[in-house]
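This report covers the fold, the surface and one helix pair of a protein.

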Amino acid sequence: MKTEWDMKLWYESDTDPDIKKDAEHDRVVVEEFNTQFKKKQDYSDKDYRDFLSEYEKICGILDCAKPLRYFSLRESLESGNEKVLREVTHFSEHYARLSSSLSWTVKIIAGIPDELVTRDEYKKYAYLISSQKKVASHVLGDEAEHAIQMLAIPGKDLFVQTREKFSNKRTVTWKDEVIPLATAGQKISVISDYAERGEFSSLITEEMKKDAELAEAELNSVILTKKIT
């Protein structure tokens, strides 16, 4: 069975003006949230509830990150499409910046008084508040947290994307069929013969071993990033 994805449910094309509009909309919404709440002092009960309500909406926007999700899906479908990979990199950075601008919210949520947390209005946020109270003592200043989150782009994301480029350009040959390495793994589960499945899996493994030097560089980058932060 062949599955076809209808990407027009997301956008009409790569040049759909709604892509930039959605990315800009998300940026504006996050900035307005930061402006409204970041420098606010002496939160009241209502202030906390307003904050949590708006924060929930912001999390929904960033979890969706529609332009990034669209190009990430396109990347899965189109091996080796350099334009799509560039867009993934661009929107990864865009949404990483938005996320990093919200590092201050941890201390606000952790600062909600315990007597308020027990009220019915806060019950839906109980896990969020509890988890943020646990990590608040480990959160650094805004600038440091922003730097750490942005370092994740060169420290991890770009290496992941580079490895995907390698995978998209390489292939394995199986029964006269040339299969992109990026999609070869999906074929293993549909091979019914156990011995053939093992043979095909070995072909994939041998091809992936060619990434050894790149993987070593990736690990070194992660270790260096950890030392810096």
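## Fold

From the N terminus on, the elements run α-α-α-α-α-α-α-α-β-β-α-α-α. That order holds 11 helices and 2 strands. Helices (H or I, at least four residues) and strands (E, at least two) are DSSP runs, numbered from the N terminus.

The model is predicted: local features need pLDDT of at least 70, side-chain atom pairs count only at pLDDT 80 or more, and totals for chains, interfaces and linings use all residues. Residues are numbered from 1 along each chain as its sequence is written, and side-chain values use heavy atoms, with hydrogens and water left out.

## Burial and contacts

The protein has 229 residues, and 32% of them are buried (under 20% relative accessible area, 1.4 Å probe, protein chains only). Its accessible surface (Shrake-Rupley method, 1.4 Å probe) is about 14,600 Å². Carbon and sulfur atoms hold 53% of that surface.

Take the contacts (heavy atoms within 4.5 Å) with a separation of 6 or more. Of these, 68% join residues 24 or more positions apart.

## The α9–α10 pair

Helix α9 spans residues 181–188 and helix α10 residues 194–208. Their axes (lines fitted to C-alpha atoms over the stretch in contact) come within 10 Å and cross at roughly 160°. Angles run from 0 to 180 degrees between N-to-C directions. The two helices are therefore roughly antiparallel (over 145 degrees).

On α9, the contact is made by L181, A184, G185, K187 and I188. On α10, R197, F200, S201, I204, E207 and M208 take part.

Technical notes:
Buried < 20%, exposed > 50% of the residue type's maximum accessible area, 1.4 Å probe, protein only. Parallel < 35°, antiparallel > 145°, perpendicular 65-115°, else oblique.
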